[in-house]
Amino acid sequence: MRRRLALGALGATALAGCGFELRRAPELRFRTIALAGFAPKSPLAAELRTQIAASPSTLVVESPLQAQVVLESLADGREKSVVASTAFGEVRELQLRSRFSFRLRTAQGRELIPATEIMLSRDMSYRESAALAKELEEESLYRAMQNDIAAQVMRRLASVPAP
């Protein structure tokens, strides 16, 4: 029993000594932010709200007039294209793309991050006999890309100096 405790304590000490730390929300240098230009029920806006709320020092407000900075969505879209097909015209592979263009400005209009586009793509095999399963896989891939885009936006917001 003591041996197990000693090995457990040794393992915990080794992890603490190597600099291992759980990933946490980036520290943003502004107190309030407004999200503008998003579609009414945008899943990306919801994900950004969630990730910003995880930041201990920043609050999402509804009105750009109340905000210190405004994250403005310029474009938010999904695309799907056929990459490979058989000689009979049956689709075998698709490419899914998710694009997000945004800029960050102060409430007074000074630009902190100029217009920036983030584009992610994923390839997906396709079989007509498994159409329902592939539809679920497609939605899962889009959700994963959306989370990646939100994480990239958060890293860029963290790099902005205090306005």
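**Exercise 1.** Determine how strand 4 and strand 5 are joined, and which residue of their hairpin takes a positive phi.

*Solution.* Strand 4 (91-106) and strand 5 (residues 111-125) run antiparallel and are joined by 12 bridges. Strands here are DSSP runs of E with at least two residues, and helices are runs of H or I with at least four; two strands pair if DSSP finds at least two bridges between them. Next, take one position: Leu94 stands opposite Met124 in strand 5. Finally, 4 residues lie between the strands of the hairpin, where Gly109 has a positive phi near 105°.

The model is predicted, with local features requiring pLDDT of at least 70 and side-chain atom pairs pLDDT 80 or more, while totals for chains, interfaces and linings use all residues. Residues are numbered from 1 along each chain as its sequence is written, and side-chain values use heavy atoms, without hydrogens and water.

**Exercise 2.** Is Ser42 buried or exposed, and what does its side chain reach?

*Solution.* Ser42 sits in the loop between strand 1 (32-36) and helix 2 (43-53). Its relative accessibility is 9%, so Ser42 counts as buried (under 20% relative accessible area, with exposed over 50% and partly exposed in between; 1.4 Å probe, protein chains only). The Ser42 side chain reaches the backbone nitrogen of Leu44 at 3.3 Å. The side chains of Ser42 and Asp76 are joined by a polar contact of 3.5 Å (a pair of N or O atoms within 3.5 Å; within protein, one must be able to donate a hydrogen and the other to accept it, and residues adjacent in sequence count only if both atoms are side-chain atoms).
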